[in-house]
Amino acid sequence: MASTAIVGINWGDEGKGRMVDLLTERFDMVVRYQGGGNAGHTVINEYGKFALHLLPSGIFRKGVVNILGNGVALDPESLMNEIGDVAAKGVAVTPDNLKISERASLLLPWHKLLDGLEEQRLADKKYGSTKQGIAPFYSDKYQKKTIMAGELFYPDVLENRLKDLMEWKNLTIEKVYGAEPYTWEQIKAWLDTACEAIKPFICDTGKLLRRAQKEGKRILFEAQLGSLRDLDMGIYPMTTSSNTIAAFAPVGAGVAGADIRQIVGVVKAYSTCVGEGPFVCEMFGEEAERLREAGAEYGAKTGRPRRVGPVDLVATRYGVEMQGATKIALTKLDVLSDMARIPVCVRYKVNGQETDDFPFPTELDRAEPVIEYAEGWQRDISGARRWEELPQAAQNYVLMIEKAVGCPIAYVSVGAERESIIVR
Ligand code: GDP
Ligand code: MG
């Protein structure tokens, strides 16, 4: 398989982790190019069940080199905890199979604090942040007020830089939020523990990847979240603070000329959304509760119940376009097996007019879903491994989505386990 990006088409939690874990078999390297520890990528394989936050989902495959690119929000403390968690289940993480870009910026201790303080200040107007410090981190990165991982190797320069940053940040912490400022002892302790621990993993990963590409190695670019959470193309301001789309992968991985031939867009067979923000196709009441239960839709990172709805053809078509997806992996088809008829959001109605186009974010609050129903199959399909083994109604449902979004569905996932997949 040529170099490939695996991306989310919708609001996130489409099953990217599951697809990366499956497909890594055919790759030499897996790179996370954006986002941070706010991800929750579920992987179930021979080692057990994992919710990966920052570690690339190729970490379970022997011989695969996993990379945290310059575009990620690198929280040394969370990363070391996560490495500890997977190591406890028998997965060795060493500088051979995990490499951190020397250009990845560090998520500093105050980023998490400020994330929480701002959500508290916003009260009922909050964004629904996972409080992993992501928004304060990216704001500071673009303000050039954080440090790069590689700077850890220059302690004399670093201490003064960090002291200046702390002094600046304490102004906001104390004077804006009235909270307790940081002391240098606290920051020094963080440097001496978590930062010290990640040092062996840090190197020039951009150079490594560029060389790998020249040598014809296969690289997999793993996105976090989905198209609709992309900072530029998503439902701003209810987006994340980084670019989730495949077009950003070359930047966030440090391979300007990345030769990405395939973009696999992961779409769930129905819709889910964690946190606040417009979600036009949202279902409520008993019908929603049944779908949430059937799909076990509770956040992998936060445990929050996910909002649910039918598959949204308008949002999905837009997501596919924003990603430039060349193939779709449709996940969780098995979850719909009990339904006699399956709701589908086919269009939106905005200001009394029906439309196929995904509206400007401000209009989303006024949009209503137009629902039609597809025939259900009411049969367990979790054992299907070939397209022909799917009931006709299930095949029709897949084909209906494929036609509506204009992108071939190459994979149909019918269970969370690695082997529960149909390759078309
Ligand atoms: P990600 O953030 O895109 O990696 O997705 P998450 O891991 O947050 O959420 C996807 C959830 O669906 C996880 O609990 C997976 O184990 C589960 N899952 C993935 N594919 C399937 C599938 O085809 N069927 C079922 N029943 N569960 C699936
Ligand atoms: Mg997730």
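User: How many nonpolar, polar and charged residues are in the lining of the largest pocket?

Analyst: Keep in mind that we're looking at a predicted model. The largest pocket is lined by 47 residues, and its volume is about 1,000 Å³. Sorted by class, that lining comes out as 17 nonpolar, 17 polar and 13 charged residues.

User: Which elements give two or more residues to the lining of the largest pocket?

Analyst: Start at the middle of the pocket: D115, S129, A135, T239 and S241 lie nearest its centre. Then look for elements that give two or more residues to the lining, and you get α3 (109-122), α4 (134-142), α5 (155-176) and β10 (219-226).

User: Which element gives the most to the lining of the second largest pocket?

Analyst: This pocket has a volume of about 560 Å³. It's lined by 27 residues, and the closest to its centre are T42, K49, R306, K332 and A416. The elements giving two or more residues are α1 (16-23), β3 (41-45) and β4 (48-52). With four residues, the one that gives the most is β3.

User: And by class, what does the lining of the second largest pocket have?

Analyst: Here you just sort the lining residues of the second largest pocket by class. That gives nine nonpolar, nine polar and nine charged residues.

User: Where is the kink in α6 centred?

Analyst: Helix α6 runs over residues 184-198, so 15 residues, and from first C-alpha to last it reaches 20 Å, close to the 21 Å expected. Even so, α6 has a kink of about 30°. If you look for the centre of that kink, you land on L191.

User: Which residues of α6 are buried?

Analyst: A handy rule first: an α-helix has 3.6 residues a turn, so residues three or four places apart point the same way. To count as buried, a residue needs under 20% relative accessible area. In α6 the buried ones are W184, I187, W190, L191, A194, C195 and I198.

User: Why does the pair that coordinates the magnesium ion (ligand 2) tie together parts far along the chain, and how many residues apart are they in sequence?

Analyst: The magnesium ion is coordinated by D13 (OD) and G40 (O), at 2.0 to 2.1 Å. D13 sits in the loop between β1 (4-8) and α1, while G40 sits in the loop between β2 (29-32) and β3, so the parts they tie together are apart in sequence by 27 residues.

User: Is G40 buried or exposed?

Analyst: Its partner at the magnesium ion, D13, is partly exposed, with a relative accessible area of 25%. The cut-off for buried is under 20%. At 14% relative accessibility, G40 counts as buried.

Definitions and conventions: Residues are numbered from 1 along each chain as its sequence is written. Chains are lettered from A and ligands numbered from 1 in the order in which they are written. This is a predicted model: local features need pLDDT of at least 70, side-chain atom pairs count only at pLDDT 80 or more; totals for chains, interfaces and linings use all residues. Side-chain values use heavy atoms; hydrogens and water are left out. On a 1 Å grid over the protein atoms alone, a cavity is a set of points where a 1.4 Å probe fits but cannot get out, and a pocket is an open set with protein on both sides within 12 Å along at least five of seven lines; lining residues have an atom within 4 Å of a point. Grid points are joined across faces, edges and corners, and a volume is the space filled by probe spheres set on the points. Ala, Val, Leu, Ile, Met, Phe, Trp, Tyr, Cys and Pro count as nonpolar, Asp, Glu, Lys and Arg as charged, and the others, Gly among them, as polar. The expected span of a helix is 1.5 Å times one less than its number of residues. The bend at a residue is the angle between axes fitted to the seven residues ending there and the seven starting there. Buried means under 20% relative accessible area, exposed over 50%, partly exposed in between (1.4 Å probe, protein chains only). Donors are N, O and S atoms within 2.8 Å of the metal (3.2 Å for Na, K and Ca); water is not among the atoms, so sites may look incomplete.
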